[in-house]
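User: Please work through the structure shown below in a series of short questions and answers.

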Amino acid sequence: MRRRHFLHLSGALLTSILLVGCASPQYLQLSPERSASVPQTGAGQQVTVITADARESEVIGTRSGGNMSTAQITVSSHELIPQLQAEAERAVRDMGFTPTRDAAQGRPSVTLELSSLNYAKGESGQPLIDEARLEGVFRAIAQNKGTTYTGTYTSRRTQGYAIKPGEDANTRMLNDLLNDGLNRAFSDPELGRLLAR
């Protein structure tokens, strides 16, 4: 009798822990990195590099697909933007330019905007399997000698799972998503071509 009572309590406690774990908010610290090669168009000239967060909210979605604040996934702008700034400057340097954060009249510039970052629960159509649908959108705006070029780069990823992903898994998935966006943006030949005019 005592053993059955213990097992019942253990089961209830385990269920509570799992439910609390699934409903915990996640605050993710992302560190995306560009890995693709970039066009070599510069000859050492200075380019102003600006990075901006154009998202409507730092909350990118929920783990449950509902509106529970306890299941929210948050990516902080003040942590992510310095990472993106460093990657944008590295990309511009690898293109052959000299990146600077100071604006000057007549100097070419590139602005990297994170337009959106979304995490949604999808329907896999398979029993006992759920899926996470991720989407990230970057915009790169290059300006030089009165001409502007704007490129939009969308990355999507769908990941199936039987157990809701934890912080580490979600961090990896979102880093991969943003890595792809950075690769798409800075390997765009039109971007480097306009900066080199």
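The exchange below concerns a predicted model.

User: How many helices and strands does the chain hold, and in what order do the elements run from the N terminus on?

Analyst: This is a predicted model, and its secondary structure comes to four helices and eight strands. The order of the elements from the N terminus is α-β-β-β-β-α-β-β-β-β-α-α.

User: What share of the contacts in the chain with a separation of 6 or more comes from residues 24 or more positions apart?

Analyst: The chain has 197 residues, of which 40% count as buried. Among the contacts with a separation of 6 or more, the share from residues 24 or more positions apart is 75%.

User: Do strands β1 and β3 run parallel or antiparallel to β4?

Analyst: Strand β1, residues 26-28, is joined to β4, residues 72-75, by three bridges, and this pair is parallel. Within that pair, Gln26 has Ile73 of β4 as its bridge partner. Strand β3, residues 59-62, is also joined to β4 by three bridges, and Val59 has Thr74 as its bridge partner there. The answer is therefore parallel for β1 with β4 and antiparallel for β3 with β4.

User: At what angle do the axes of helix α2 and helix α3 cross, and how close do they come?

Analyst: Helix α2 spans residues 77-94 and helix α3 spans residues 167-186. The crossing of α2 past α3 is right-handed. The axes come within 11 Å, and the crossing angle is roughly 35 degrees.

User: Which residues make the contact of α2 with α3, and how many of them are nonpolar, polar and charged?

Analyst: On the α2 side, the contact is made by Leu80, Leu84, Glu87, Ala88 and Ala91. On the α3 side, Leu178, Leu182 and Phe186 take part. By residue class, the contact divides into seven nonpolar, no polar and one charged.

User: Which residues are linked with Glu87 in a network of salt bridges?

Analyst: Glu87 of α2 takes part in the contact with α3. Side chains of opposite charge can pair when their charged atoms come close. In this model, the network of salt bridges links Glu87 with Arg34, Arg90 and Asp94.

User: Is Glu89 buried or exposed, and which residues does it touch beyond four places in sequence?

Analyst: Glu89 is placed in helix α2. Its relative accessibility is 12%, under the 20% limit, so Glu89 counts as buried. Leaving aside residues up to four places away in sequence, Glu89 touches Val49, Pro99 and Arg101.

User: How many salt bridges does the structure hold, and how far apart are the closest N and O atoms of Arg55 and Asp53?

Analyst: The structure holds twelve salt bridges, one of which pairs Arg55 with Asp53. Arg55 is buried at a relative accessible area of 11%, whereas Asp53 is partly exposed at 24%. For this pair, the closest N and O atoms are 2.9 Å apart.

User: Which residue forms a salt bridge with Asp130, and at what distance between the closest N and O atoms?

Analyst: Asp130 is partly exposed, with a relative accessible area of 23%. Its partner also counts as partly exposed, at 27% relative accessibility. That partner is Lys121, with the closest N and O atoms 3.6 Å apart.

User: How are Arg184 and Asp180 placed in helix α3, and what is the N to O distance of their salt bridge?

Analyst: Arg184 and Asp180 are four residues apart in helix α3, which means that about one helical turn separates them. Arg184 is partly exposed, with a relative accessible area of 42%, and Asp180 counts as partly exposed at 28% relative accessibility. Their side chains meet in a salt bridge with an N to O distance of 2.7 Å.

User: Which residues does Gly181 touch beyond four places in sequence?

Analyst: Gly181 is placed in helix α3 and counts as buried at 2% relative accessibility. Its C-alpha is 9.4 Å from that of Arg139, although their positions lie 42 residues apart in sequence terms. Not counting residues up to four places away, Gly181 touches Phe138, Tyr153 and Ser155.

User: Where does Lys145 lie, and what is its phi?

Analyst: Lys145 lies in the loop between β7 (130-144) and β8 (147-161). With a relative accessible area of 65%, over the 50% limit, Lys145 is exposed. Its phi is positive in a residue other than glycine, with a value near 50 degrees.

Terms used:
Residues are numbered from 1 along each chain as its sequence is written. This is a predicted model: local features need pLDDT of at least 70, side-chain atom pairs count only at pLDDT 80 or more; totals for chains, interfaces and linings use all residues. Side-chain values use heavy atoms; hydrogens and water are left out. Axes are lines fitted to C-alpha atoms, for helices over the stretch in contact, and angles run from 0 to 180 degrees between N-to-C directions. Helices (H or I, at least four residues) and strands (E, at least two) are DSSP runs, numbered from the N terminus. A crossing is left-handed if the near helix is turned anticlockwise from the far one by less than a right angle, and right-handed if clockwise. Contact means heavy atoms within 4.5 Å. Ala, Val, Leu, Ile, Met, Phe, Trp, Tyr, Cys and Pro count as nonpolar, Asp, Glu, Lys and Arg as charged, and the others, Gly among them, as polar. Buried means under 20% relative accessible area, exposed over 50%, partly exposed in between (1.4 Å probe, protein chains only). Two strands pair if DSSP finds at least two bridges between them. A salt bridge is a side-chain nitrogen of Lys or Arg within 4 Å of a carboxyl oxygen of Asp or Glu.
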